[in-house]
Amino acid sequence: MSRRDERRRKVQAALEEFRRSVAAALGNAAREHHRLAEERARDMFEVILRGDGVDRALEDPALAGALAKPLFDARLASALIDRVEAFREWSEHGPDQLTALVGEVADGPASWPPEAWLGSAGTADGSEGVPELWRIGTGVVRTAPEPQRFPVAVPLLDQAHLHVASVPDSRATAEALVENLLLRVLSHFQPGLVHVHVWDVSQLTGSLPGLYPLTRAGLLTVHDPARLHEMLDELSDHIRRVHTGVLVEGHQSVRAVSAGGRRTEPWHVAVLFGNRQPLREEHQQQLQRVARNGLAAGVQLFIVDIPITVNSPVETVTVHADQSASCTMTGKHVAVALDPPLPRAQVPRACAVIADKREERRTRFGAFDDLLPEQLWTESSAAGVVTPVGYHDGEPVHVALGDTSPHALVGGPSGSGKTNFLYAMLGGLAARYSPDELELYLLDFKEGVSFAQFAPGRKDPTWLPHARLVGVNVNTDREFGVALLKFLSDEMRRRADAAKQHEVTKLEQLREEDPEGRWPRIVAVVDEFQYLFGERDQVTQQATQLLEDVARRGRSQGIHLVLCSQDVAGIEGFWGKSAIFEQFTVRIALPKARRVLAEPHNDAAVELPRWHAVVNHESGVRPGNEVARIPDATRRGTFDVLQAELFRRRPSDLPEPVLFDGGRVPALRALPDFRALRAGEVNPTVLLGQVIDVAGSAAGVRFPRTPGRNIAVLGSLAEDAAGVLGSAALSLARQHEPTAARFTVICLAEDAQPHADRLVKQLCNTGHEADLLGLEGIRGLLGETAQQLRAAATSALAAPQPHYVVIYAVDAAHTALEEKDPATRTSGLDHLRTVLKHGPEHRTHVIGWWRGVQRLKNSLPPGVYDDIGAWVAFDVQGKELLSFGPEQVMAWSPRPRRGLFFDRFEHSRPQVLIPFDTGEES
Ligand SMILES: Nc1ncnc2c1ncn2[C@@H]1O[C@H](COP(=O)(O)OP(=O)(O)OP(=O)(O)O)[C@@H](O)[C@H]1O
């Protein structure tokens, strides 16, 4: 081989080597490039995959090619694993938890399948709670790795309104949803607890036809498409009424009022079907108001296809064109398959069953016993008292007395059932609230004894444990009304002071601050109260003042007045006093009652059937009207049976109510003030009669050794005078050891003789010595006594023996007493005047009866009447008494068995007194 060839071969080899090296380098670069490109593609793929979500990516046609390539398998697998991981918690527990939750808070028809309840009437009355959720269908999170089904339910009654939005293709499904929910609700509760209202913008009839059987039972009202405002007005009235009548102070909702017990107010479910057009502006606003305030009052809206924003909790269900739904309860990721429509034929049948049951209840309910709670005495009166008093369509109608509805006015002509109404109301209250929660003061000005039942009687020894005072037959004793009002006013002040001490203003707060204290609410009922204001006198003046005081300020101290009247004029005379009547926000009008409601716009009482009442908590304005049928509460087997049961349960230390019976003569010996008298009293108290007050206390005059401590009784009847003289002497006898005091009884009139004889015997029976003298003995006694007194005046006798001179018909002795002793030139009259003048300082007191004012004056030195310090006048005209008492005596007009009592030392104004029955001789 030539050298040239050799060189060439080497060059070629070198070139070959070079080419190989270059090719190798290029090959490596290309491989690296390819690897990087693939890596980048995988990253890009993962970015898209995770960014869009695995589910969407898997369905994205643009990614179909890429997904088919094995290149991305690993990344897809890892994303799928991550997704399973992310859903693990939900997949393992979520659906089961939701199923359990719905089962727990949505018992019975609220969530069970229709086969289990459709066709049976509900039994729940709210006392076992209200379902928190109501089932609408089945949900699924479609995107979950293992989609599992779970029940979907929405909050309704008291909690949220329902808004349903559909498209034309899914409207039928939306209507089925509404029907489904309505039947769940209707079938859950006792018929009558749910009322349905339907308004459909485009149909007079047709919407929810399956529900029509409810109409005959008054449970469904279908409203005219052109009259949406009427339905909204009705709902607004209802809401207002609930707010003023049921939601008494402290309660925010009907649910709170009914907490733990039977639902007191039915729910009103109003279904509005729209056409996706907005409502007229005024309807919008009215609907928004109903939505805002309705839930608390039990008004529930189902709004279908009406664009509206409401400022209160709303649950929205949107039904899509494919009939699937989504709702705000579960959020957009949950697809809801709504429950299928209820079987067409079964809905009206189920509604008929509910309507029948309702009718049956309506006719069954309404007796007195239905007003009573299952358990007696379980309610607290802290915020007020409330009781059903009657029924409207089988539903109870309540009367509430509390801080916002403090006092009630009840009116109706004679025989319209006022007394019966009061029995129904008092029965309902007494059964709910224990005597520690409620006290009753009952006063009846009628001639009759309508409240006598509440006090122990001869035939029926039971009494109403809540009654602290029962006044019957008080028709002429208007002072008793004043006494009651005075008592209430004092009690109000006592409560206000206690509240002040605890730095609170109301009874409810006081009860919180002083949980150990006893602060019952007081309900004071005055029947035929117009008698109180019957005359233009001081009683009327005092009563007006006190009534104003109690009416204005009683509310916050838990003192409530219930005033009843058959006499329109009686009420009318008072309308001018708006300061008083403004406070009487609760108005009860019995058939034909006038002026009780706010006439002329509210004449509901005119058309009222027999045994019904309009109950109104809004001062009588029309929207506040509730008509109730009042059960018979006065026939045997009603109130009396309840009273016997309450009596049996009464606390053993509860005292009997004070009974004030205007027709009864009080017995001296039964009187606590008499029984409390003890021997050994230095300045004894003379009891003259019973004053008209709530405590039934005695009218007393004290006998210290002071001039003027003599007592005169004025009047023509021996019987009246004897009652006063007898109780005076017997009460004095009780305050001295036997024989420690001297009693001289002088009788100068035949008609008084039996009384005097009896008194002497009674005194002797108590161990005292009592002389009985007549006309022949009086002069001697007075002369001897006057002489002793004159002697005592100069010899300062330390402790004279008390001597009580009781004289029946002093004036009968005048002629005899006027005669002068020829020797001393003094007359018996002079002796009498000496005894009256100087006796009391030496413990000699005259208790005498004069048969007229002038006759008394004749016994006294002309124009000087000071020696009579206290007197009781019976059938004597007021003006005659002016010389002996203050100006107010002028107002006195005599009435049978009543005296006017005045003690110059103690009183600024006279008091009316009832003479005692001093009992038999023994
Ligand atoms: N709701 C009722 N159901 C059945 N009977 C009733 C009812 N209300 C009243 N009564 C009967 O009607 C009669 C008169 O009733 P009530 O005494 O209550 O009327 P009143 O308005 O108080 O009359 P007055 O003022 O004359 O006493 C009574 O015999 C009573 O039993």
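This talk walks through one protein model, from its overall make-up to two sheets, a helix pair, a ligand shell and a few single residues.

Before anything else, please keep in mind that this is a predicted model, in which local features need pLDDT of at least 70 and side-chain atom pairs count only at pLDDT 80 or more, while totals for chains, interfaces and linings use all residues. Residues are numbered from 1 along each chain as its sequence is written.

Let me start with the whole protein. The protein has 23 helices and 31 strands, where helices (H or I, at least four residues) and strands (E, at least two) are DSSP runs, numbered from the N terminus. Of its 922 residues, 47% count as buried; a residue is called buried if 20 or more other C-beta atoms lie within 10 Å of its own, exposed if 12 or fewer, and partly exposed in between, with C-beta atoms placed from the backbone. If we take the contacts with a separation of 6 or more, residues 24 or more positions apart account for 74% of them, a contact being two residues whose C-beta atoms, placed from the backbone, lie within 7 Å.

Now to the sheets. Strands of a sheet pair through backbone hydrogen bonds, either parallel or antiparallel, and here two strands are said to pair if DSSP finds at least two bridges between them. One open sheet has ten strands in the order β2-β1-β10-β9-β8-β3-β7-β6-β4-β5, and its pairing is mixed. Its edges are β2 (149-154) and β5 (220-223), each of which pairs on one side only. On average, neighbouring strands of this sheet are turned by 25° against each other, direction ignored; angles run from 0 to 180 degrees between N-to-C directions, and axes are lines fitted to C-alpha atoms, for helices over the stretch in contact.

Within that sheet I would like to stay with β1 for a moment. Strand β1 (residues 134-141) runs antiparallel to β2, and six bridges join the two, with Gly137 standing opposite Val152 and Thr138 standing opposite Pro151. Strand β10 (residues 331-338) is also antiparallel to β1, joined to it by five bridges, and there Gly139 has Val336 as its bridge partner. Is β1 enclosed or open? Six of its eight residues are buried, so β1 is largely enclosed by the rest of the structure. Helix α8 (residues 281-294) lies across β3 (161-166) and β7 (299-304) of this sheet, running at about 135° to β7.

A second open sheet of ten strands has the order β23-β22-β31-β30-β29-β24-β28-β27-β25-β26, again with mixed pairing. Its edge strands, β23 (698-702) and β26 (770-773), each pair on one side only, and the twist from one strand to the next averages 25°. Inside it, β30 pairs with strand β31 (residues 911-914) in the antiparallel sense over three bridges, and Phe901 stands opposite Gln911.

Turning to helices, the axes of α11 (residues 478-501) and α13 (residues 538-553) come within 9 Å and cross at roughly 35°. The residues making this contact include Val482, Leu485 and Leu488 of α11 and Val539, Leu546 and Val550 of α13. Taken together, the residues of this contact divide into nine nonpolar, three polar and five charged, where Ala, Val, Leu, Ile, Met, Phe, Trp, Tyr, Cys and Pro count as nonpolar, Asp, Glu, Lys and Arg as charged, and the others, Gly among them, as polar.

Which residues are closest to the ligand? They are Ser414, Gly417, Thr419, Asn420 and Trp611, out of 15 that surround the ligand, a residue being near a molecule if its C-beta atom, placed from the backbone, lies within 6 Å of it. That shell divides into three nonpolar, nine polar and three charged residues.

Finally, some single residues. Val876 sits in the loop between β29 (870-873) and β30 (899-903), and is buried because 23 other C-beta atoms lie within 10 Å. Leaving aside neighbours within four places in sequence, Val876 is in contact with Leu714, Gly715, Val853, Leu881 and Pro894.

Most residues other than glycine have a negative phi. Gln323, in the loop between β8 (314-319) and β9 (325-327), has a positive phi near 75°, and counts as partly exposed because it has 15 C-beta neighbours inside 10 Å. Arg843 likewise has a positive phi, of about 65°, but is buried, with 22 other C-beta atoms within 10 Å.
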